[in-house]
Amino acid sequence: MEKEGKMVTIYVMGKKHRVPAGLTIMKAMEYAGYQLRRGVGCRGGFCGACATLYRVKGSYKLQAALACQKVVEDGMYIVQIPFTPAEKKLYDIEKIRPTPNVFVEHFPEITRCLSCNTCTKACPQDLMVMDYVQAALRGDIEKVVELSFDCIACGLCAIRCPAEIVPYQVAQLARRLYSKYILGLSEEVEKRVAEVEEGKFDEELEQLKRLPPEELRKRYESREIRV
Ligand code: FES
C-alpha cells in the first residue's frame, strides 16, 4: 500500500517502482528495496561512485547524474554505472615535468577532441570539461586545474565522449603536476607526515585496533569533522 504524499513512477534497470517524490535516486532505490553495495560511497556528492544515466519517459535525451544528488522524476528510466572501465595511464610523477606537451605525451587521444561539448553536458558537477580538455591541448596546466577543481572522477564524461577521451584522468594529471611543481608542498602536510613517521599516533592506532566494532562505530559517528 502506498504511503501518503505524492508518489512517482521510476524504472530501475527496467523494473517499475512507485516511490515518494522528493527522494534522491539513491534513496528511492533503497525505498524500492535495493541494497546498494556498488555504485555508492559518500552519499554526499563527493566520491563519484554513484554515476547514473537516465532518460525521462517521452524525452529522447539520455542524461547523467549522481544518484545521491539527483531527485527522482516521474517516468525516469535509471541505470547505474558503478565504474568506468577506462584504461589507467601510468606515469611516475617524480620523473615527468610540467611541460607544455605533458598532456599530449601521456594522453595523445586528447588531440581527437571534436569540441562537441558532450563531456560538459554529461558532467553532474557542471564543470566545463571540454574547456579543460582544450586547455590541456594548449598545455595550460593552471587552467586545467582551475576548471576541473571540483571533478570527482565519476567517469560520466568518459562514457559519453565520442572521441573516447578520459577527461578526468587528464585533470588528475594536471592537479598532480600543479601541486608538486607549481604550488609546492603544504607545510601542514609535511608536519603531519613527520609526526606520523616519528610514531606520534602509533599508540592511539593500536588502541583503536583493539576496540570492539560497536565502540569503533560509536567513535566514528561522533568524530569531529573539520571543513
Ligand atoms: S555516493 Fe559519493 S558522489 Fe554519490
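How many bridges join strand β3 to β5, and do the two strands run parallel or antiparallel? In this predicted model, strand β3 (residues 51-56) and β5 run antiparallel and are joined by five bridges. Within this pairing, L53 stands opposite V79 in β5.

Strand β5, which spans residues 76-80, also pairs with strand β1 (residues 7-12). Here the sense is parallel, and the pairing extends over three bridges. In β5, I78 is the residue that V12 stands opposite.

The side chains of β5 alternate along the strand. One face receives M76, I78 and Q80, which are buried; Y77 and V79 point to the other face and are not buried. The residue opposite V12, I78, thus belongs to the buried set, whereas V79, opposite L53, belongs to the set that is not buried.

The description now turns to a pair of helices. Helix α4 (residues 129-137) packs with helix α7 (residues 167-183) at an angle of about 55°, and their axes are 10 Å apart. Because of this angle, α4 is oblique to α7. The crossing in which α4 passes α7 is left-handed. From α4, the contact is made by V129, Y132, V133 and A136; from α7, P167, V170, A171 and A174 take part. What is the character of the residues in the contact of α4 with α7: nonpolar, polar or charged? They divide into eight nonpolar residues, with no polar and no charged ones.

Notes:
Residues numbered from 1 in each chain as written. Predicted model: local features only at pLDDT ≥ 70, side-chain atom pairs only at ≥ 80, totals over all residues. Axes fitted to C-alpha atoms, helices over the stretch in contact; angles between N-to-C directions. Helix = DSSP H or I, 4+ residues; strand = E, 2+ residues; numbered from the N terminus. Parallel < 35°, antiparallel > 145°, perpendicular 65-115°, else oblique. Left-handed = near helix turned anticlockwise from the far one by under 90°. Contact = placed C-beta atoms within 7 Å. Nonpolar A, V, L, I, M, F, W, Y, C, P; charged D, E, K, R; others polar. Buried ≥ 20, exposed ≤ 12 C-beta atoms within 10 Å, placed from the backbone. Pairing = 2+ DSSP bridges.
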